[in-house]
Amino acid sequence: MAAAHPDRDVPSAFCAEFLDFSAKDTAARWLSAADLQQQVYQHLAQYVPKILCLGPSSSREEQREELACQLLLLAPLEWLLLGQEPSSGLALLQENNRPSPLCGHVFKVGEPTYSCRECAADPTCVLCMQCFLGSVHKDHRYRMTTSGGGGFCDCGDAEAWKKGPYCQKHTPNNTDTAEEDPTAQLPADVVARSYSIFFIILKYAVDLLTWEQEDQLPVGLEPPERGDTYYCMLFNDEVHTYEQVIYTLQKAVNCSQKEAVSFATTVDRDGRKSVRFGDFQFCEQAKSVIVRNTSRQSKPLRVQVMHSSVVAHQCFALKALSWLGQIIQYSDGLRRILCQVGLQKSPEDENTSLVDQLMLNDSKMWKGARNIYHQLLMNSLLMDLKYKKIFAIQFAKNYERLQSDFVKDDHDREFSITDLSVQVFTVPSLARMLMVEENLMTTIIRTFVDHLRHRDLQGRFQFDRYTAQQAFKFGRVQSLIGDLKYVLISRPAEWSEQLREKFIEGLDAFLELLKCMQGMDPVVRQVGQHIEMEPEWEAAFTLQMKLTHIISMIQEWCATDERVLIEAYKKCLCALSQCHSGLADGEQPISLSLAGHCVETFRYQVSQDKVSIHLPVCRLLAGLHVLLSKTEVAARFPEQLPLGELSPPLLIELPLRCLVLCAQVHAGMWRRNGFSLINQIYYYHNVKCRVEMFDKDIIMLQAGASMMEPNHFLMMVLSRFELFHIFSSADCRKRYREANKDVVQQNNTLIEEMLHLIVMVAGERYVAGVGQVEPFDEVRREIIHQLSIRPMAHSELVKALPENGNKETGLERVIDTVASFKKPGVTGRGLYELRPEWNKHFNLYFHHYSRADQSKAEEAQRKMRRQNAEDTALPPPAPPLLCPLFGSLVNLLQCDVLLAVEGAVLQWAVEPSGGGWTESMLQRVFHLVGMALLEEQQQLENSKGDDDVTFNYTSKITRPGEAPSTSGSVLALLESLQNAPHLEVHKDMITWILKMVANIKTIRERSSSSSSVTISQDHGPEETVRDKDKAERKRKAEMARLRREKIMAQMSEMQKHFISENKELFQQSLEELEASTSAVADQSPPVSSDQSFSVSQVCLGPRRFVGGAERRQLVTCILCQEEQEVRGHGRAMVLAAFVQRSTVLSKNRSRATPEPEHHDPLFMHPDLSLGIHTASCGHIMHATCWQRYFEAVQLKEQRRQQRLRGHTSYDVENGEFLCPLCECLSNTVIPLLPHTHRLSHSVDHPTLEAWLKLTTQQIAALLSDSASEGAESPAPDGFRVDFIPLKPFSSSVSEMITTFSMSTYKVGLKLNPNEQDHRVPALSWASCAYTIQAIERLLVDEEKPLFGSLPCRQDDCLSSLTRFGSACWTAAKLKSVHTHFIRLLAALVPDIHVENSPCILDVDMFHLLVYSVFSYSSIHCLDQSGRTVVDSAHVHLLHLVTVAHMVQILLTSTPEDVSMDQDSGDSEEEDLTCQLFNMLRKHLGSVLPEVSCGWLLWRCVKAAMLPFLRATALFFHYLNSAPPPADLLVPGPGQWEALCSYLSLPCNLLHVYQSQHTLLDPLIQRWCCHRSVRQTLQGGGVIIRFPRESNQLIDLPEDYSVLINQASSFTCPRSGGDKSRAPTLCLVCGSMLCSQSYCCQSEVNGEDVGACTAHTFTCGAGLGLFLRVRESQVLFVAGKTKGCFYPPPYLDDYGETDQGLKRGNPLHLCQERYRKIQHLWRQHAIAEVIGHAQEANQTLVAIDWQHL
Ligand SMILES: [Zn+2]
Ligand SMILES: [Zn+2]
Ligand SMILES: [Zn+2]
Ligand SMILES: [Zn+2]
Ligand SMILES: [Zn+2]
Ligand SMILES: [Zn+2]
Ligand SMILES: [Zn+2]
């Protein structure tokens, strides 16, 4: 394709035609022609191949195509349609249009959608942001989600909203009559022409999009001239991965990786893309390579070689469809006409219209084509209420075929026409119509069943071991369930005869489906060997889960109509009896007898025979049975119900088996059946399934029990639990005790489970229909029991409650009645706490508690009762009344078999040595007894006389026990247990029971005398004795508990491992240390300011404070616990530290990162664009201890790498390790050094002039020495150029100095350590200066005082950094340090011998000061005269730098010359500032503005100097260990004076200049004359102004949806206007990035990284903070391999974040949390947060962070 611009010739050739062409004339010609279609086709045949698809396209090319299309092809159509100039014609149409009130905005991917939880008809009803903001729902409880694309705004659809269907914009004018024909608005000729044009164009488009030939065109469209030009077209599928496609393309069409990525991206987006253009042969060749390369594992990629004219026409067909879509937006009349044309039956085939043709070919089209015509359907048919109906019918007619196509297709559902079902079926009136007229419910269910072909011999579904392919198809089939849900989601308010008929027919089909599920995946207990292969179970449960809501909805439908309910009940019963046929066949009949009762059954054992968890038919019947009770249909039409046909023992048989299975699994009897069974049991009880599984089984048992003789029921239960023999034979207990231990334990658990089941069957009454309750009560009870476990967040509660089909739990209606809300702090979430008055509703055997829940709740309740000094009995709460149909359930509680069981357990407990009983067993028996007593009490209270009380438990338990327990009555047993020492814990409960018995007795006695009695719960006088007794007992128990707790605490303390013990020790020593440092401060009490200038107030210079510095410093090694003095010659002590690059202070994020090899780090630019930050956790070790520790870490890492590949949270190869004590991420150590400079008062301190003179001489001597030839400058007295100073440190200390120097070098320059590099000291100093500056900023931002507020670890870190800085020259080559000092000084005192001195505007003065102070020591050490001290040099350097900084400030400040009243002026400061400024103007002239107001200038200087002075004060404080003055220990005013005096500077800083101006004036002149100064000020570079403001994270909007909206309009910057899938916001600079996507990967150091990681390297020196907008998640990344997610600063009204935007509650910015993130960033703690997160959660380590 190297031909010389072939594509450029074509346009010019056809430019002539282009110019001659008149759209108006063409339209006129067409209009007069006889056959319009022929004319238009001729035109298209001629022009389309000339305009479109002329080869590989560029974006310029595309624009040209677009333009030509509009002018040559579409314009004539518009002229023809409108009969006038298109733009004015369209405007006129729009003007006359009466728009439909539907909004119809089609959602883009990622756009926010809103639904109202109060008013939406179902959760699929959504509003666009604009409509939402103009609607009433914004003040309701709404839900916010992001759209997956497709779907449209339902604003204006009256059926979608129970209230407020219109937003302000779409409120219809009341003048509108609803059913007016919109075409009446249009002129008649336009109507006529539109019909024919729309028909021609739509037919053209349909023909071409469904065209299957690669080389031919439909009749009438053959191109006049045909060249040998073809495309090799690659089609998308969802089978091949991106990598496969990219790899194949590189091979097949010989393109670069980048091009291949771009091809693959387009194929993925549009569904097809031409990958080669040329002659047939050329394209055919590429095709064969692609097919060959991809056909190995799966079916090959689809490729076609297509003639260019075919492609061109298809391309235009899409444009034509979009054009139609746009035109109809102007007029509802035109829209109506297009609808008519689209749905008109074709003359050739009575059954199809153009729209049908499109739908039926949907799965054959490529994605791009589908998208465009789906969009057109939404804009036309779905926006026209009349045609929506007609379309709905066509859609339903084609339903089966479309679904089958979809199942075979491999595109996602969002690209399938079937996805439109949500638009059609969710409209209740349409759904109802389709159900009646098209039998939609039955169709959907049948289609579904047809597609599930995996069956076993009995015709049940069998999914075992199905392949990925099958799983994929199964996934697609499930979308049918979604459609069914749409159809059923709103219940009919009225039933017509036809609707009943069709619904029952649908129910029939549904029962067929359930019958295929009944008994799925049966299990048999594995004995002996463990199961070999885990059986498949997920598919069956997926199906069950998906159907859960459907089953519930069907019951809800039935509940609304008596006749439907009765009919459904019959059908369901009939289906069940079919399932039951053969259940008992061939089983051995047995007869059971116990406690004088006898029952017939057959032999069946769960532990030996097949059992299945899936019993949907039984459970549906249970649901309908409850409805019979709830709607009272059973009572009103008993004759119509087949209740007589029910055989209760059969009804309970299967659910009972299932519950017994659960019990046996708990008892450990099914251990060998593996995890598959455990999982099934888990889901059986799980909130997602339990409503239609576990709950219904309990109901079925309740229904059965209420229809059976209670003793018979219980005997059946005993028998199925395989416990019958234990309670039936007299000597069972003996045998039982002798059996082996495992069996005893198993049986104990089974007895517990069985008792629990009886508790549930008799006691669970919170289902409307079983008990006399409302749904509200049911939800409230759930919440009470959840909150009895512990206080919970809103989302936890939501998760614990079942959702209905509308995704609602009913939580909100209830929660405030039972709980109080506690707001969250900066971390954590808001919690709901149960109000104490609801505690009495607590039921320990609440049926939805798991075992863990139960024990937690029990513990919490007992603890609370102890705290309130109440007794700790947890009796059952008063139960609600039963409904009549379930009324006889209560008799379970007082029947003989249960009494026998209770008696047996109590009897065992009397003999504690037995071991044949457990506490839980006993507790359950107490609970059952309690329930029975409550029942009796309730009946007595509600009755008028004794006669209608059928319940007589109290008298039954006084009867002596019958065989087998030959002992006393239940009551007698209880009384004897009351004081049993081994039952201390149950004492309160037994007391409660006995009290109840006494109470009931009193009521009975009283009621026999007088009929109306109120029950007295008061304590009689005899009670007080008992209370006292109780109080004493409680006190003792409490003491015992405390003792126990203490012992436990001690034990666990001892078990804690070694290091945490050391931690404690260490903390002690730390406290001591802190105490001692504060003692230092105390020794020299800060002098109050009225005591004029005092020596102790100064931190540098000859008059500085001397004292604390000479103190011995003792520290303890955290590793060996030895104490050690910090000494220069002793064993080195080190501080764990973390060095990182930082851009936190950067004022210029666009500056390129320095080239490591050639970067000169000696001068820091004032934009501080890249600094080196050092932090420490403050933990001290011996250098040797640390080295040993680090070697061990390295060794461990090597071994780990050998074993398994992967990452750790820290990068050992880069020297990273975790602090052995606090696990803080570290990568080096700082040596601890003693304070070195001693102040000598004996020498005199030279003036600045003298010092400068001396220093200049010294420098000259050094320079001439190194020049080694030419004129020798005589060295000053005592200055010995060749002097080699004594090493002040031991080798171990020196080694550590080098270690830390190398770390700053390595991190700062990203180079391998090189001790010879002369830049080493500069980087060490840089770290010190930058860290001090960063901390100074942090203190300002947090409004903390300069001194005294830093945490210990930062204090230690700064102090050791500074001392290290002052000593690190000793480890470097002396000469290079000299050179550094010479260059640094030259920046202040220009020296002709030094080249390339930076201009004064390009130097950060604080860095300059720190470097020159540190490097000066290297010069001073050569001076052996003893006449000078370092301290005076420090003062002089500070003065020079201060003046330079003031000049720098004056040059860059642009004081706005506001005419303020502040002309108090004429103070000395202002005068002097003006003088200095005017001198600068003298040198620079008009480059500087004219400023007359000295006050303003002085104010600028003062504000700008403050950060510098503060940082300087910190620096000298740490360098010289000078205690800070009192004024700086508190925030607020007075800082300036205190700072100046602490720094030994005059308050009027200008004096520094003024007093030496003869010396300084020439310097200032030379600074100003640096050529860069003028250049920069004239706009030649970025000017940094002072004071530099602290950087902040970007401002975030208060409402999260604003962000989502922003992100939804963000397009990927690389792939031409494509929506980004993971838009991600940089919180530092506000850039939006296209993260986690191929398109935006780029290469950093030879590795492909995602957009976020790439961005961190330009924005944050490798560290970044982002907000992933779609996920509502903060992302921290550091380097290429480290990252973590962090909770976003957005909270919902319940004080919770919503990571992943799963809940959809409105989210609002929480400023405190955002500030916390900002604080982490400013503190340089992000890397540490990542480290801790990764340590805590190892899965984070495995994530490929660099790809985000
Ligand atoms: Zn809208
Ligand atoms: Zn609207
Ligand atoms: Zn609402
Ligand atoms: Zn040690
Ligand atoms: Zn530490
Ligand atoms: Zn950024
Ligand atoms: Zn992108």
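Colleague: Why is Cys1357 called buried?

Modeller: In this predicted model, Cys1357 has a relative accessible area of 4%. Buried means under 20%, so Cys1357 counts as buried.

Colleague: What makes you say that Cys1357 is in no disulfide?

Modeller: A disulfide needs two cysteine sulfur atoms within 2.5 Å. For Cys1357 the nearest cysteine sulfur belongs to Cys1328 and is 9.3 Å away, so the pair does not qualify. The structure as a whole holds zero disulfides.

Colleague: And Cys1368, how do you know that it is in no disulfide?

Modeller: For Cys1368 the nearest cysteine sulfur is again that of Cys1328, 9.1 Å away. The cut-off is 2.5 Å, so Cys1368 is left without a disulfide partner. Cys1368 is also buried, because its relative accessibility is 2%.

Colleague: Let's turn to the metal. Which residues are the protein donors of the zinc ion (ligand 5)?

Modeller: They are Cys1177 (SG), His1179 (ND1), Cys1219 (SG) and Cys1222 (SG), at 1.9 to 2.3 Å from the zinc ion. Donors must lie within 2.8 Å of the metal, so these four atoms count. Their spacing in sequence is C-x1-H-x39-C-x2-C. His1179 sits in strand β13, while Cys1219 is in the loop between β14 and β15, 40 residues apart, so the pair links distant parts of the chain.

Colleague: Why is the arrangement around the zinc ion called tetrahedral?

Modeller: The four donor atoms subtend angles of 103 to 113°. Tetrahedral requires all angles to lie between 85 and 135 degrees, so the arrangement earns the name.

Colleague: Are His1179 and Cys1219 buried or exposed?

Modeller: His1179 is buried because its relative accessibility is 11%, and Cys1219 is buried because its value is 1%.

Key
Residues are numbered from 1 along each chain as its sequence is written. Chains are lettered from A and ligands numbered from 1 in the order in which they are written. This is a predicted model: local features need pLDDT of at least 70, side-chain atom pairs count only at pLDDT 80 or more; totals for chains, interfaces and linings use all residues. Side-chain values use heavy atoms; hydrogens and water are left out. Donors are N, O and S atoms within 2.8 Å of the metal (3.2 Å for Na, K and Ca); water is not among the atoms, so sites may look incomplete. Four donors count as tetrahedral if all angles lie between 85 and 135 degrees; four count as square planar and six as octahedral if opposite donors are over 155 degrees apart and all others between 65 and 115; anything else is irregular. Helices (H or I, at least four residues) and strands (E, at least two) are DSSP runs, numbered from the N terminus. Buried means under 20% relative accessible area, exposed over 50%, partly exposed in between (1.4 Å probe, protein chains only).
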